[in-house]
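Dear colleague,

Please find below the structure for your examination. My notes on a helix packing and on a pocket follow.

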Amino acid sequence: MNKIFFNAYGKTNENVLIENIPEIIKSLLIDDIILMKDSCGNYLIDENSFITAIQKRNNWIGAFSLEKISSREILNLLCDYSDSIIIFDNMNRLKILTLDNIELFTEIEESDIMLDKDNLLDLTIRKENKYYNHFTINYKKDYYTGKYTKSEYIYPEKSSLNTNENTHNKYGSYTNICNYSFNLYGDKRELVINCELVRDRITAVNILKKIVERKSIKKDIVMFKSILTNKILKLEIGDQILLNISDLFLQDKFFIIYEINYDLLKSIAEIKAIQINI
């Protein structure tokens, strides 16, 4: 495994400074995690997915000085910070997906879902257990003292963000999201995030807002069974779906698939997905 050098400004690679978080993830994958190449000597990476992620997270900067943490731990942290996942596609390539790209999705109709023994849709819905409405992010760690020197916060009644930063397309503001969560569930839930790999305010604010969207309101988790039609066979982990099913309160909710189990003898797929928008 190659030795990786980090400095206080990001990852260096052949004297080129890499700061963009998805670009750091790609560099780490190539340099330290992936050794697989195709017959032409190219790395098995979906380049287009990284181009999209880099554009989506254009001003998200990773800057750190770590020597003892492993590359895999860094990857997990960076994916969590940038609200991204890394998966293998059906061509065995690694690809990155940011969880806000509701652009390409597959619409699942009632006819795509099997019926159970009671002649009902073989589909279950449950809610996430955890939620929060008071959020604080700590960043710019002083490696000598071990303490974080900067922080931002979003609460139901106030935040450290300016007016433009606090604006949200659907809820009006991020403080409104926290207030909605507080009123909906009826109790105060506080989440403090320590971002060890982040040193600039813009990235910290971006991460904080994504976490508010992700963790303030309980998301739906769905599981359903389908016959292996061409539509279902094309679905992959990481694909986004819209369940066009009446009377189940799923309207306008987009989901990302995180697990697919196949029973080839019965020509059935069991699909699990979690809601990604609020």
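Helix α5 (residues 174-185) packs against helix α6 (residues 201-215) at an angle of about 30°, and their axes lie 10 Å apart. The two are therefore roughly parallel to each other, a term that applies to angles under 35 degrees. The crossing of α5 and α6 is left-handed, and the contact (heavy atoms within 4.5 Å) involves Tyr174, Ile177 and Cys178 of α5 together with Lys209, Val212 and Glu213 of α6. By class, these residues are four nonpolar, no polar and two charged.

This is a predicted model, in which local features need pLDDT of at least 70 and side-chain atom pairs count only at pLDDT 80 or more, whereas totals for chains, interfaces and linings use all residues. Residues are numbered from 1 along each chain as its sequence is written, and side-chain values use heavy atoms, with hydrogens and water left out.

The largest pocket (an open set of points on a 1 Å grid where a 1.4 Å probe fits, with protein on both sides within 12 Å along at least five of seven lines) has a volume of about 780 Å³. Its lining (residues with an atom within 4 Å of a point) comprises 28 residues, of which Asp83, Leu99, Arg214, Lys219 and Ile276 lie nearest the centre. Helix α6 supplies the largest share of this lining, four residues.

Yours sincerely

Methods:
Axes are lines fitted to C-alpha atoms, for helices over the stretch in contact, and angles run from 0 to 180 degrees between N-to-C directions. Angles under 35 degrees count as roughly parallel, over 145 as roughly antiparallel, 65 to 115 as roughly perpendicular and the rest as oblique. A crossing is left-handed if the near helix is turned anticlockwise from the far one by less than a right angle, and right-handed if clockwise. Ala, Val, Leu, Ile, Met, Phe, Trp, Tyr, Cys and Pro count as nonpolar, Asp, Glu, Lys and Arg as charged, and the others, Gly among them, as polar. Grid points are joined across faces, edges and corners, and a volume is the space filled by probe spheres set on the points.
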